[in-house]
2 protein chains.
Amino acid sequence: MLVQRLGDNALEWELYGGAGKVDVEWYFRERTALPTSVVRYHLEPGAEEGEHLHLEGDPESCSVKNSDELYVVVVGEVVMTVDGERSVLRAGDALYAPSGSRHGVANESDLPADVILIFGAPDPALPRLIKE
Amino acid sequence: MLVQRLGDNALEWELYGGAGKVDVEWYFRERTALPTSVVRYHLEPGAEEGEHLHLEGDPESCSVKNSDELYVVVVGEVVMTVDGERSVLRAGDALYAPSGSRHGVANESDLPADVILIFGAPDPALPRLIKE
């Protein structure tokens, strides 16, 4: 069975200049045939990823390629910011950050929060019903 | 902001003949440019998905196309079965079910459990380091 235990690929990343420490677990990193990556963030109170964007050719981009990102909050409560707009998301809520949007996640609550991220290159062949 | 609240796309599926009821939330269903789907299962004690497989051309397949699936347990504890082998997974653990493997998730514990599923067609261009 292809099982990854929590901690098997644990990383401590400062990420994009955010405060505090975000514990990162990258599931089956670059080992699967699925065309998206899957990562878990564990954010203690006060931790934040830092705002960033993924847009090919943009000098402010933190990646050379475009990347769309889907965030699913699975434990606790976080604040997500997209292009200057803030929203509180709770366990079970999700947010979609298209490539080019400036976005970030922060834990401003008093309890830990976990978020699952699914990200990858947007597929131009897919009907993108969500407009940026 | 592109936010989906828990319950916005809630489904009650019997899934693949499993016992009990699994609450399903499909995030941004068929509305994104990401080439994988993202779903949340909420399993009360005793609930199970039912074992199934995704393999093009196989008469036992429950889908016409191949699909690889990555399960991430985010709350509680579940039992996953792949090709007859069982393993207990807890919050933060993950399992990869390549297309063609017979697999399923069940909550045999006394507490609710949540699982995030990421699935889609395996990309033949990707180096599939995980062997079936």
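**View 1. E69(A) and its bridge partner in β8(A).** In β8(A), A97(A) is the bridge partner of E69(A). This is a predicted model. The strands β5(A) and β8(A) run antiparallel and are joined by four bridges. Both faces of β8(A) are covered. A94(A) and Y96(A) are buried on one side, and L95(A) and A97(A) are buried on the other.

**View 2. Strand pairing across the two chains.** β8(A) pairs with β1(B) in the antiparallel sense, over three bridges. Within this pair, Y96(A) stands opposite L2(B) of β1(B). Three bridges also link β1(A) with strand β8 (residues 94-97) of chain B, again in the antiparallel sense. There, L95(B) in β8(B) is the bridge partner of V3(A). Strands of a sheet pair through backbone hydrogen bonds, either parallel or antiparallel.

**View 3. The seven-strand sheet that ends in β1(B).** The order of this open sheet is β2(A)-β3(A)-β4(A)-β10(A)-β5(A)-β8(A)-β1(B), and the pairing is antiparallel. Its edge strands, β2 (10-13) of chain A and β1 (2-4) of chain B, each pair on one side only. From one strand to the next the twist averages 25°. Inside the sheet, β5(A) and β10(A) run antiparallel and are joined by seven bridges. I116(A) in β10(A) is the bridge partner of V72(A).

**View 4. The seven-strand sheet that begins with β1(A).** Here the open sheet has the order β1(A)-β8(B)-β5(B)-β10(B)-β4(B)-β3(B)-β2(B), with antiparallel pairing. β1 of chain A and β2 (10-13) of chain B stand at the edges with a single partner strand each, so one side of each has no neighbour in the sheet. With direction ignored, neighbouring strands of this sheet are turned against each other by 25° on average. Strand β3 (residues 22-26) of chain B and strand β4 (residues 37-43) of chain B run antiparallel and are joined by five bridges. L43(B) in β4(B) is the bridge partner of V22(B).

**View 5. The interface and the relation of the two copies.** A turn of 180° with a shift of 0.0 Å along the axis lays chain A on chain B with an RMSD of 0.0 Å. This is the relation of a two-fold axis. The same surface serves both copies, since 100% of the contact residues of chain A recur in chain B. In the interface, 41 residues of chain A are in contact with 41 residues of chain B. At least two residues each on the side of chain A that touches chain B come from β1 (2-4), β4 (37-43), β5 (68-75), β7 (85-90), β8 (94-97) and β10 (113-120) of chain A. β5(A) gives the most to this side, with five residues. The residues of this side of chain A divide into 25 nonpolar, six polar and 10 charged.

**View 6. V72 in the largest nonpolar core.** The largest nonpolar core has 59 residues, of which V72(A) and V72(B) touch the most other members. Leaving aside neighbours within four places in sequence, V72(B) is in contact with Y27(A), V38(A), R40(A) and I116(A) of chain A. Under the same restriction, the contacts of V72(B) in chain B are A94(B), V115(B) and I116(B).

**View 7. V115(B) and its surroundings.** V115(B) lies in strand β10 (residues 113-120) of chain B. With 26 other C-beta atoms within 10 Å, V115(B) is buried. Not counting residues up to four places away in sequence, V115(B) touches Y41(B), Y71(B), V72(B), V73(B), V74(B), V78(B) and V105(B). G92(B) is 23 residues from V115(B) along the chain, and the C-alpha atoms of the two are separated by 9.7 Å.

**View 8. Positive phi in the loops between β3 and β4.** Most residues other than glycine have a negative phi. E30(A), which is not a glycine, has a positive phi of about 55°. E30(A) lies in the loop between β3 (22-26) and β4 of chain A. E30(A) counts as exposed because it has 9 C-beta neighbours inside 10 Å, and the cut-off for exposed is 12 or fewer. In chain B, F28(B) also has a positive phi, near 50°, and its place is in the loop between β3 and β4 of that chain. F28(B) is buried, with 20 other C-beta atoms within 10 Å, where the cut-off for buried is 20 or more.

Notes:
Residues are numbered from 1 along each chain as its sequence is written. Chains are lettered from A and ligands numbered from 1 in the order in which they are written. This is a predicted model: local features need pLDDT of at least 70, side-chain atom pairs count only at pLDDT 80 or more; totals for chains, interfaces and linings use all residues. Copies are superposed by least squares on the C-alpha atoms of residues with pLDDT of at least 70 in both. Two residues are in contact if their C-beta atoms, placed from the backbone, lie within 7 Å. Ala, Val, Leu, Ile, Met, Phe, Trp, Tyr, Cys and Pro count as nonpolar, Asp, Glu, Lys and Arg as charged, and the others, Gly among them, as polar. Two strands pair if DSSP finds at least two bridges between them. Axes are lines fitted to C-alpha atoms, for helices over the stretch in contact, and angles run from 0 to 180 degrees between N-to-C directions. A nonpolar core is a set of buried Ala, Val, Leu, Ile, Met, Phe, Trp, Tyr and Cys residues joined through C-beta atoms within 7 Å.
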